[in-house]
Amino acid sequence: MASQAYSVAVLTVSDTAYLNRELDRSGPLISQTLGQHYPDSFTIDHQSILPDDPSRISAAVTNWIDQLGVRLVITTGGTGFGLRDTTPEAIAPLITRQTPALTHALTSYSLTKTPLAALSRLVTGIREPPTSHQATSQSLIVTLPGSSKAVKECLDVLLGSRQASQPGPNILLHALDLLCGGSGSEVHKSMGAPGYAASPSSLTFTDRISTSTDTGQAHTCGRNHGHLHSGLHVHQTPRPRTVPSDRFKTHDFSAGPTFRHRTSPYPIITLDEALSLIDKHTSQPDQGLAATVLLPVNSSLAGFILAEDIVAATDLPPGPTTNVDGYAVKAKGSGTPAGDYHVVTMKDLLRRETSATDKQSIDLLKEGEVFRINTGQGLPEGTDAVVMVEDTELLECHEEYVSESQITVPEEKKIRILAQVEVGENVRPKASDVQKGSFVLRRGTLLSPLGGEIGTLAFVGRTEVRVFKKPKVAILSTGNELVDVQSRSKAQSEAWGFTVYDANRPGLAAAVEGLGFQVIDLGIVGDDDGATEAALQKGLSEADVVITTGGTSMGESDLLKPLIERKLGGDIHFGRVAMKPGKPTTFASVRRPSPSSSESGTDSTRLLFALPGNPASALVCFYVFVLPALRKMSGLQPSAAASLKSNPWSLPRAPVLLSSPMKLDPRPEFHRSVVHVEGSQLVAYSTGSQRSSGMHSMATANALVCVPALSSEPGSRKQLEAGEQAVAILIGPLV
């Protein structure tokens, strides 16, 4: 049993009770039964009445479990055959693990009371919150009929009848104990206690199930899984511990339309939940050398992420340098007062150094001389200040002469200094830019195409640098209707409809390659499971991330989810997202030998993003879902921005002013826009029609304005107004 009371939520589903709470009999019955008879085991934290609206039912249960940590949700009502009875349809997509035996126990017991129980569509199951990182954070959902009499009968099964002389086990407490990581030892001990199962006749319905073996002999399967204390030997028919329905959410596409889902088995999750799941299942590069590569320092480094800290090997500058054009002088002591001086050039100093016999004591600059120097140049020995050229006058030049090879431009010979300078004037000290041993670039820094980072590597003298390998990206388009724009085939009418040009692969490839990632083109495959599987296997063997478009919805030829789960052995982490465009977006991970690993036989997790087939949807979903994963896999450091808490590798967001109204949809929407800098503000202009089938809505777009969902509350606003502030995801440079 639990060391503390389990949090319980009770939901009554009824159109009539929603309008008049006094008509609700079943909800209070559940709360009173749990609260009064089991006060130490259950606490009723939430109780609500909703109409027969599946979206509101789903939202309430999801919020209780995922956000508020409720361990047990019991609903009553909406489980019959009536047109408004939709509780099973609302609850089934929320379940991550089925409990068919529990449903069977409730239905079978009810059938012993009335044959009308056959018209009840009860659903039970276990839900694990999508963002949970703990196996013990699972919750139990039980749907009961609306009749208070039927509810009482079902509670007898779940809690063990307290009126019976030999009460059965408390199934609810046992189940919750196991879901919270318990062993269930107390229940099993009680099942072996004297008198619990003294004879087969003392067993209640919940304690025995009559089965038949393949020899036709009936056996009683006791809950002690072995022997009853009466001496009756109990055998259980051998059976597998799992069935395909437990392992797979998807339908078997080879089984025909009868077994095809009519509603999606994947719950619609929020955008934040989806981004969090991508973060959870996307790994950063390993720390070892296998995840890195040593490359020369040149422009081809753009887009890579540093895999090492860059430390200055020397002081920069290595000695004092001038920060102006002028004349290096000796200011210490009597210095170089205003007056006339002979000008010495670099050629003169080199000639003196070459002809000197004692290199150690040579005095390159003599009394009455100054050295002509340019900005950034090191000061010669014996000088400690620079007179600006603006503080001098030219008095005399060397004569011009002509040689066989060239005309020599005359050099300055004599100048007049108009003002005396102090020591260190117009001079940058040694190590004033970078000190030896200091960090100039940190591991995880993006070597951007803007040039600053690559220039810094050259500045400190690095000829090569270690960077993280970039993930390879494979792109596949699916659909019988698609034609490659570069092929000889043309988009045309067909007997079954018409063909269209594939815009997804060219658009996605441009985006991926423009960000510096290698693309593996898997081409186009028709709606054929064999061809699609072969293309996916190729992508998984050669790339780190596979992007597909099309085949993710509920059509008969939408094969991606079943193939991922049943043929590729992948784990589908989500299959629907509450957003527009991109609702059927699917994210999965698959274990395969690493294409980039230097060690044979090393497995790694491949990511698979099955994006919608509509072109605008596919490109929007790339920036929202795929790019954060690529940025993380590339070794980029996470952002600390609070707006990116769900996935700190997402693209940055910025406040923008709307130039025109934007209508609200029941789902949050990403409105394709062009953001201009106007004065001190960013202003967003819509690209026009936002239909997801039109790729042209992405043309010129450099931002996705985040439009919130339309509220269901009466009188709520229908659109964002022009001049109003909104938040936009920046996907390209500002214009």
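In which loop does Leu 119 lie? Leu 119 is in the loop between helix H5 (100–111) and strand E5 (124–127), helices (H or I, at least four residues) and strands (E, at least two) being DSSP runs numbered from the N terminus. The model is a predicted one, in which local features need pLDDT of at least 70 and side-chain atom pairs count only at pLDDT 80 or more, while totals for chains, interfaces and linings use all residues. Residues are numbered from 1 along each chain as its sequence is written, and side-chain values use heavy atoms, with hydrogens and water left out.

With a relative accessible area of 45%, Leu 119 is partly exposed (buried is under 20%, exposed over 50%, partly exposed in between; 1.4 Å probe, protein chains only). Together with Phe 81 and Leu 116, Leu 119 forms a nonpolar surface patch with about 350 Å² of accessible area. Such a patch joins nonpolar side chains (Val, Leu, Ile, Met, Phe, Trp, Tyr) within 5 Å, from residues with over 30% relative accessible area and no salt bridge, that is, no side-chain nitrogen of Lys or Arg within 4 Å of a carboxyl oxygen of Asp or Glu. Areas were computed by the Shrake-Rupley method with a 1.4 Å probe.

Thr 79, in the loop between strand E3 (72–76) and helix H4 (87–91), is buried at 4% relative accessibility. Its contacts (heavy atoms within 4.5 Å) beyond four places in sequence include Asp 85, Leu 119, Arg 121 and Pro 145.

The largest nonpolar core (buried Ala, Val, Leu, Ile, Met, Phe, Trp, Tyr and Cys residues joined through side-chain atoms within 4.5 Å) has 43 residues, and Phe 609, Phe 622, Tyr 623, Phe 625, Phe 670 and Leu 704 have the most contacts inside it. Elements supplying at least two residues each include helix H10 (271–281), strand E32 (603–611) and helix H16 (615–633); H16 gives the largest share, 13 residues. A separate core of 29 residues includes Val 10, Val 151, Cys 154 and Leu 159.

There are 6 aromatic pairs, defined for rings of Phe, Tyr and Trp (its six-membered ring) with centres within 6.5 Å; planes under 30 degrees apart count as stacked, over 60 as edge-to-face and the rest as tilted. Tyr 6 and Phe 42 make a tilted pair, at 6.5 Å and 45°. This pair links strand E1 (residues 6–13) to strand E2 (residues 42–50), across 36 residues, and both members are buried. Phe 622 and Tyr 623 are edge-to-face, with centres 5.2 Å apart and planes at 75°. Phe 622 is buried at 0% relative accessibility, and Tyr 623 at 14%.

Conventions: Patch = residues over 30% accessible without salt bridge, like charges linked within 9 Å, V, L, I, M, F, W, Y side chains within 5 Å.
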